[in-house]
Structures are given as C-alpha cells and as structure tokens.
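Work through the following exercises with the coordinates open, and try each task before reading the solution beneath it.

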Amino acid sequence: MIPLSSVVAMSVQNPPARHHYVPVFYLKQWAAQDGRLIEFSRPYGKKIVAQSVFPKESGFEWQLYSTDGVPHEDRHKIETEVMKPLDNDAAKALDRLYGHDTLWPEDERAGWSKFVFSLLTRGPEDIALLKDQLAKDYLTFIPELEQWYGSVREEHYPPTLVDFLNAERSELFGPFVQDILGSIFRGGEAQEWISGLDWAVIASDESRFEFITSDRPVIKTATLRKVGDYIILPIGPRRAFVGITDRRTKAILLRDGVGKLVKSINKTVAQQATKYIYASDESQRQFVENNMGRGKSPSLVRQMIASDRA
C-alpha cells in the first residue's frame, strides 16, 4: 500500500493541469448514459462541428489559473484552494436544487451563489483581461512612491522604482494576482446579492426543446437589486435555476409558457457563447448554427474594467 504522505507529495508535485472554466460536475448534467454530451464548436471557421465528449474533455484550458512568480508548489493555488472547493460546494448545492429543497443552510446557499457568479468571471478571456488590468493597476502607485524609493535606494539597487519592480516583478506580482483573483472568485458583494434573491427551479419536462448551455451560460439583468431583476442558469436539459428580486418576476418570465422561455434562454445562452455550446444531443444543431456567438455582449469582466476607466 502506498503511504498517504507519498500520495499527498505526488499531488503537490503533479497538480491538476486541466483547469475547467466550465466545471465537469456541471456538464455531467447533459451527459447521456454513456457519460458523454454533445459539444458544439467552430474550430475551423464558421462551420459548426458537433462531437460527443466526456465532460472532463471540454471546457478547460491548460493551467488557466496558474500564476507565475510564486513558489512552484503555489502556482496552482487558485485552482486547488479556490476553484476546486468552490465547484465541490456547488455540486452539493446542485443536488439540493434538483431535490426541490427550500431549506438552505447558509453555507450551501453562499456556495451556490459564489459558483453562479464565478461563471461570469472565470473564462480564458476573463482571466487574460484581469491579469492584464492587474498588471496596469500594479504600477499606478509608482509616481507617489518614486521619491520614497530614491531616499531608501542603495547603490546596487536599480536606478528607478520602475526598474526595481520590473526586476522583481514576478516575485512581487504573482502573490498580488493570486490575492485579487481569489477575492473575485469568492464573490464578495455580488455573491451576497445572489444569495439574497428568491430562488426557484424552472422545469421544462413538457417543452418540445431541452435547455442547452455554453461557456457563458449565465443570463442576468444589469443589476440584481431592482424589482424585476433576475439571474438565470440552465442546470440540466430540463431544469434552469432562477434567482429573482420578487416573486412576480417568475410569473412574468413564464407568461408566454415554458416552451417560449426555454427557447429564449437557449437563444441568449447560444449568442453569448465564446467557444463552446453543449447539449444532450444534436437535435438543436441548426439552432446552434443560427445563434452561436451572434449576439455576444461584453463580458462582466470587460464591463467592470470599462467602468473603472470611466
């Protein structure tokens, strides 16, 4: 038998290289009996390609959340200490949603809220934007500190603070990135807004069409604080999670029937997609062809950055 200490050491030396921005547990909801689901993508231009894949084979990027400039054992800290626990908590909460349980322990409600918010910020495009913006923010304090640096600078130090930071960039910048990304994925105020909504699950068992999902599956209004605001996430072919500010909103969403709501949700989910759309089968291939990426709006991260610059 392999000692537990050896297993732990091996896990540190060989951290997970596939960082899923569309979590495996989430994609499993669309999997057929053979464990596969349908992945739609456009790898060769405009033509849609559909292939049957296992959930672990899609929705990931190699070392997406890894960070340079930190000790080797800490490079995957965001994946192992933030994203993995976040997804594990969300998987438990998803079971509760399917069980129609209305009595939510506070930690499970918070866990699901963090997960839903993370889907707005964890994609490859989001991570690249965040890291780029953090690099710019990291240097904004230089003018104020340049004089101080001159007063404490030793002869062997670089001549300016900028030169010093560039020389020490990886060692100083890596922990900074990890701290900021970790705080974003934990949700903060946005997670509290989602937790404070009225929650419901919409069933579409009688609808002609199933829900699809994508690498940008969350639909939300501009805010989550006004009457009529909502956030929606498909959680399986026949179920969608809905968070609403008031109970009348659910009735408004369903006023034209579940079938039309499914179609409306699918259209938005498909139009928001960046790289992948997922379904349980290929029956909606033409729908995907017509809508994939066609109405893509700026991501939440891009909106946040634009708001900070304004």
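The exercises below go from the whole chain to single helices, helix pairs and single residues.

The model is predicted, so that local features need pLDDT of at least 70 and side-chain atom pairs count only at pLDDT 80 or more, whereas totals for chains, interfaces and linings use all residues. Residues are numbered from 1 along each chain as its sequence is written, and side-chain values use heavy atoms, with hydrogens and water left out.

**Exercise 1. Describe the protein as a whole.**

Begin with the secondary structure: the protein has 13 helices and 10 strands, where helices (H or I, at least four residues) and strands (E, at least two) are DSSP runs numbered from the N terminus. Next take burial, for which buried means under 20% relative accessible area, exposed over 50% and partly exposed in between (1.4 Å probe, protein chains only); buried residues make up 43% of the 310 residues. Finally, with contact meaning heavy atoms within 4.5 Å, 70% of the contacts between residues at least 6 apart in sequence join residues at least 24 apart.

**Exercise 2. Compare the span of helix 3 with the expected one, and locate its bend.**

The expected span is 1.5 Å times one less than the number of residues. Helix 3 (residues 77-98) has 22 residues and should therefore span 32 Å, which agrees with the 31 Å between its end C-alpha atoms. A bend of about 30 degrees is located at Met-83, with Pro-85 following within four residues; the bend is the angle between axes fitted to the seven residues ending at a residue and the seven starting there. Met-83 is itself buried, as are other residues of helix 3, including Leu-86, Ala-90 and Leu-97. After the helix comes His-100, whose phi is positive, near 55 degrees.

**Exercise 3. Characterise the packing of helix 4 against helix 3 and helix 9.**

Two packed helices are described by the angle between their axes and the distance between the axes. Here axes are lines fitted to C-alpha atoms, for helices over the stretch in contact, and angles run from 0 to 180 degrees between N-to-C directions. The axes of helix 3 and helix 4 (residues 106-118) come within 8 Å and cross at roughly 110 degrees. The two helices are therefore roughly perpendicular, a term that covers 65 to 115 degrees. Residues of helix 3 that meet helix 4 include Ala-90 and Leu-94, and those on the helix 4 side include Trp-112 and Phe-115.

For helix 4 and helix 9 (residues 188-195), the axes come within 8 Å and cross at roughly 115 degrees. That contact involves, among others, Arg-109 and Phe-117 of helix 4 and Gln-191 and Ile-194 of helix 9.

**Exercise 4. Is Ser-41 buried or exposed, and what does Ser-41 touch?**

Ser-41 is found in strand 2 (residues 37-41), and its relative accessible area of 8% makes it buried. Not counting residues up to four places away in sequence, Ser-41 touches Lys-47, Ile-48, Val-49, Lys-275, Tyr-276 and Met-292.

Methods. Angles under 35 degrees count as roughly parallel, over 145 as roughly antiparallel, 65 to 115 as roughly perpendicular and the rest as oblique.
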